Amino acid sequence: MSQRSFYPTHAENRMRHEGDIAGARALYFNRPSANLRLLLRHRYEWMNQFIGPDDEGIEVGCGTGLSKEFIQAKKYYLTDAADFDWLDYRHVDALATPFADASFNFVVASNMIHHTARPLAFFGEMQRILLPGGRLIIQEVNASLVMRMMLRLMRHEGYSYDCNVFDPEVICNDPHDLWSANCAIPNLLFDDMAKFEQHVPAFTSIHSSFSECTCMINSGGVIAKTFYIPLPAWVVRLMIRFDAAMAGRFPSLVAMQRQVVLQSRDAEGASATESRQRLPFQVESPHALAMRLRSAA
Ligand SMILES: C[S@@+](CC[C@H](N)C(=O)[O-])C[C@H]1O[C@@H](n2cnc3c(N)ncnc32)[C@H](O)[C@@H]1O
């Protein structure tokens, strides 16, 4: 499938209820399908291994705020550029937040970076509000072959590789449209981590993994909704296991989501290995993590 730029308009979207965050949240709390419940559990639970018990953190661009059902930190606050009842902080633009320097041990950014107009400004702001050694925990879209096919089929969001995400002058999304999206942004940022760290030296990467294919296609949609086949939990668990194995082996073909954890460099500019060793808790190997989440899913 072509990597040629693809930009459907909102009117062309074949999914229903695009941007209906309140509706998606209500649906989740009103008996969600096993398909969606297990998908979301798998999407957020892995993050807990990068969060210490006394850590304080926020999610930027939290949308439905469902991460709060899964993140175990006691001091965890929801923020979004929008204005929802369940937010702890409203109208928080992740590119220019109201928080003081060095406020948080961790920040969660789930499927919001591909909506940002200026990715470099986002990382600058995250570095400012994180404590030295703090973690930016990222869950993002991965524009694999299957993902690009699904985007073209559903016309849900677009992608373009013709965008220099490392140029602070380049505008990568419409800054006046919170739902403007370029699903290639995470690939442009993270596929070559050495390039990322060269352009964003404030962070070092301490984790990278891939997930989701069939379980995302048959989830019915996290916010925008579409057709899906409701399945018993044990079948969804099997699909999640199958996806994890396939996405890890063939990320550019099948993985529809990816996970990245960046650590804000401390004053000594520690390497990735040193940074991992200095974490106040033990981080599991990607393999051990996958096994634990599979058996818990
Ligand atoms: C696709 S939703 C993801 C919601 C949630 N994090 C999740 O994973 O389900 C993107 C969210 O990012 C928010 N958003 C977009 N641009 C933003 C910005 N510059 N600052 C803060 N939030 C932003 C939108 O309002 C929306 O709620």
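**Valine 107 and the sheet around it**

User: Which residues does valine 107 touch, leaving out those up to four places away in sequence?

Analyst: Valine 107 touches Gly57, Ile58, Val60, Met126, Ile129, Leu130 and Leu136. They are called contacts because the C-beta atoms, placed from the backbone, lie within 7 Å. The model is a predicted one, in which local features need pLDDT of at least 70, side-chain atom pairs count only at pLDDT 80 or more, and totals for chains, interfaces and linings use all residues. Residue numbers start from 1 along each chain as its sequence is written.

User: What makes valine 107 stand out in the largest nonpolar core?

Analyst: That core has 61 residues, and Val107 is among the six that touch the most other members, together with Ala109, Leu136, Ile137, Ile138 and Cys183. The set counts as a nonpolar core because its members are buried Ala, Val, Leu, Ile, Met, Phe, Trp, Tyr or Cys residues joined through C-beta atoms within 7 Å. In soluble globular proteins, nonpolar side chains tend to be buried together.

User: How do you know that β3 and β4 pair, and in which sense do they run?

Analyst: Six bridges join β3 (residues 104-110) to β4 (residues 130-141), and pairing requires that DSSP find at least two bridges, so the two strands qualify. They run parallel. Phenylalanine 104 has leucine 130 as its bridge partner in β4, while valine 107 has leucine 136. Strands here are DSSP runs of E with at least two residues, and helices are runs of H or I with at least four, both numbered from the N terminus.

User: Why is the crossover from β3 to β4 called right-handed or left-handed?

Analyst: The chain goes from β3 through α3 to β4, and this β-α-β crossover is right-handed. The term applies because, with the strands pointing away from the viewer, the path from the first strand over the helix to the second runs clockwise.

User: What makes β4 an enclosed strand?

Analyst: Nine of the 12 residues of β4 are buried, so the rest of the structure largely encloses it. A residue is buried with 20 or more other C-beta atoms within 10 Å of its own, exposed with 12 or fewer, and partly exposed in between, the C-beta atoms being placed from the backbone.

User: Where does β4 pair besides β3, and how is that partner strand covered?

Analyst: Seven bridges join β4 to β6, and these strands run antiparallel. Leucine 136 stands opposite leucine 262 in β6, and glutamate 140 stands opposite arginine 258. Eight of the eight residues of β6 are buried. One side holds Gln257, Gln259, Val261 and Gln263, the other Arg258, Val260, Leu262 and Ser264. β6 also pairs with β5 in the antiparallel sense, over eight bridges.

User: Which strands are at the edges of the sheet, and why are they called edge strands?

Analyst: The open sheet has six strands in the order β2-β1-β3-β4-β6-β5, with mixed pairing. The edges are β2 (75-78) and β5 (203-211), each of which pairs on one side only.

User: What is notable about phi at alanine 102 and asparagine 111?

Analyst: Most residues other than glycine have a negative phi. Phi is near 50° at alanine 102 and about 55° at asparagine 111, both positive values in residues that are not glycine. Alanine 102 lies in the loop between β2 and β3, and asparagine 111 in the loop between β3 and α3. With 14 other C-beta atoms within 10 Å, alanine 102 is partly exposed; with 19, asparagine 111 is partly exposed.

Technical notes: Two residues are in contact if their C-beta atoms, placed from the backbone, lie within 7 Å.
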